[in-house]
Amino acid sequence: MTRNAELFERACRTIPGGVNSPVRAFRSVGGTPPFIRRGAGPYIWDAEGTQYIDYVGSWGPAILGHAHPDVIRAVQAAAADGLSFGAPTEAEVELAEMLAQRLPSIEQVRLVSSGTEATMSAIRLARGFTGRAKIVKFEGCYHGHADSLLVKAGSGLLTFGNPTSAGVPPEFAAHTLVLDYNDIAGVEAAFKQYGDEIACVIVEPVAGNMNLVQPVPGFLQTLRDQCTRYGAVLIFDEVMTGFRVGPQGVQGRTGIVPDLTTLAKVIGGGMPIGAFGGRRDIMAHIAPLGPVYQAGTLSGNPVAVAAGIATLRLLDEPGFYERLEAQTRKLVEGLRNAAARAGVPFTADHVGGMFGLYFRDSVPTSLAEVSTSDTQAFNQFFHAALARGVNFAPSAFEAGFVSIAHDDDVIERTIAIAGEAFAELKR
Ligand code: KE4
């Protein structure tokens, strides 16, 4: 039995499914997940000492590559002064100011410890601010595991949602309307019917949890216009896209400014962190200022904040995002060409430092289109690449992530390995 298999068997004895987050269990792609011992730059090594070029990057946070020395030094220095005080610290003020300076939507921001906490709090805030109960989300978008977000579309086009998870009472899903991503007419119809009952719309402004799916022209603007017209709060869930697709997230790339933004991942550089922020008049409703309760023992934790500050400072380097996007483009173009040479139906897309791989002929614009991809081919490709030392996301319905440490040599080696993996599909 391999060391990874031994560790997985041992993990399954005390941790449900052997993992602390379901996607890590490889249920979608099959097989045994490597247990990672360490990472450095674009690489991770598993318990057997096998090296992988990593394109998961902790699902987005590792934008600088793993174990960047400046970030590690900042974490070590902060930790040496104590791990958490449950009292205000200057560092969390500095991080809050950095977020407000960088994101057009943020006048005030509250730090939390995960993306789920950020979106759950933002929705409660939108409901408290508007006094309304209904929320709108989109099929294929994932915003963490708060009850009112684990919801799939109802039976009818404009009927309210049904839980996607056991343990969520139907009543908790009853206020969630699930529309199709990029369905502009559907959004307009929903607001026409329920406009003055809708507290908020929450959207991944570039979707990364149904694989990468970009907004079609007009989709985000329609959300902005309809929310403004009916007094609903527009929430951009930029947990994944924040500081990943550009220095100001999707709101910076598009100029479309939401009322609230949720963040996590990159802003903690790999440490537990999240944030929600936006218009001052809305944030004024959050306790202790206003009636919407929200709290957290480790919110603004000094060690996580130190990692976030060190990370954001390095992202300020001139040309950082141009280089990151250039490397991601080289990867995506190289993979498309390698698949074409092998005669495999495949395409790929990218925005900033995140990318999507699709075993279908065209880039999808909805979950329905993503779902027509050849997931069996993806799973076979995934394992063929993994066996050759490239770690893509272990699901056909996840995005991938490039770090600034993925230099030309790493990208070229990835493309060569992918070429062998594509060829294996044809055998
Ligand atoms: P966390 O609670 O996992 O920190 O964040 C939830 C979340 C919220 N919003 C968006 C847009 C997200 O992508 C996420 C979490 N992303 C997944 C990646 N598909 C995390 C991976 C996992 O669940 O283990």
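These legends go with close-up views of a predicted model, starting with its two domains and ending with two backbone oddities.

**View 1. Two domains share one protein chain.** Domain 1 is built from two stretches, 3–67 and 319–425, while domain 2 takes up 69–315. Measuring by C-alpha centres, you'd have to go 26 Å to get from domain 1 to domain 2. The two still touch: 32 residues of domain 1 are in contact with 32 residues of domain 2.

**View 2. Here is the surface that domain 1 and domain 2 bury between them.** The buried area comes to about 2500 Å², and carbon and sulfur atoms give 63% of that. Over on the domain 1 side, look for Tyr321, Val351 and Met354, which lose the most area to domain 2. Together these three account for 25% of what the domain 1 side buries.

**View 3. Polar contacts and a salt bridge also link domain 1 and domain 2.** There are 13 residue pairs in polar contact between the domains, counting pairs with both residues at pLDDT 80 or more. As for salt bridges, the rule finds 1 across this interface. Zoom in on glutamate 325 and arginine 253 to see their side chains meet in a salt bridge, at 3.3 Å from N to O.

**View 4. Helices and strands both feed the domain 1 side that touches domain 2.** Helices α11 (320–342) and α12 (367–370) each supply at least two residues here, and so do strands β13 (347–351) and β14 (354–358). Strand β14 gives the most, with 5 residues. Sort this side of domain 1 by residue type and you get 22 nonpolar, 7 polar and 3 charged.

**View 5. The ligand sits among 16 surrounding residues.** The closest are Ser21, Thr116, Asn209, Asp237 and Glu398. Serine 21 has a side-chain N or O atom 2.6 Å from an oxygen atom of the ligand. For asparagine 209, a side-chain N or O atom is 2.5 Å from a nitrogen atom of the ligand. Glutamate 398 also has a side-chain N or O atom by a ligand nitrogen, here at 2.7 Å.

**View 6. Arginine 3 and glutamate 6 pair up in a salt bridge.** Their side chains meet at 3.2 Å, N to O. Both residues belong to helix α1 (residues 3–14), and because they are 3 residues apart there, about one helical turn separates them. Searching the whole structure turns up 15 salt bridges.

**View 7. A cis peptide bond joins alanine 287 and proline 288.** Omega for this bond is about 5 degrees. To find proline 288, follow the loop between α9 (280–283) and α10 (302–315).

**View 8. Alanine 67 has a positive phi even though it isn't a glycine.** The phi value is about 55 degrees. You'll find alanine 67 in the loop that runs between β3 (51–54) and α2 (69–80).

Note on methods. Residues numbered from 1 in each chain as written. Predicted model: local features only at pLDDT ≥ 70, side-chain atom pairs only at ≥ 80, totals over all residues. Heavy atoms only, no water. Domains from an automatic or database assignment. Contact = heavy atoms within 4.5 Å. Buried area = accessible area lost by both parts, 1.4 Å probe. Salt bridge = Lys/Arg side-chain N within 4 Å of Asp/Glu carboxyl O. Polar contact = N/O pair within 3.5 Å; in protein donor to acceptor, adjacent residues only side chain to side chain. Helix = DSSP H or I, 4+ residues; strand = E, 2+ residues; numbered from the N terminus. Nonpolar A, V, L, I, M, F, W, Y, C, P; charged D, E, K, R; others polar. Near = heavy atom within 4 Å.
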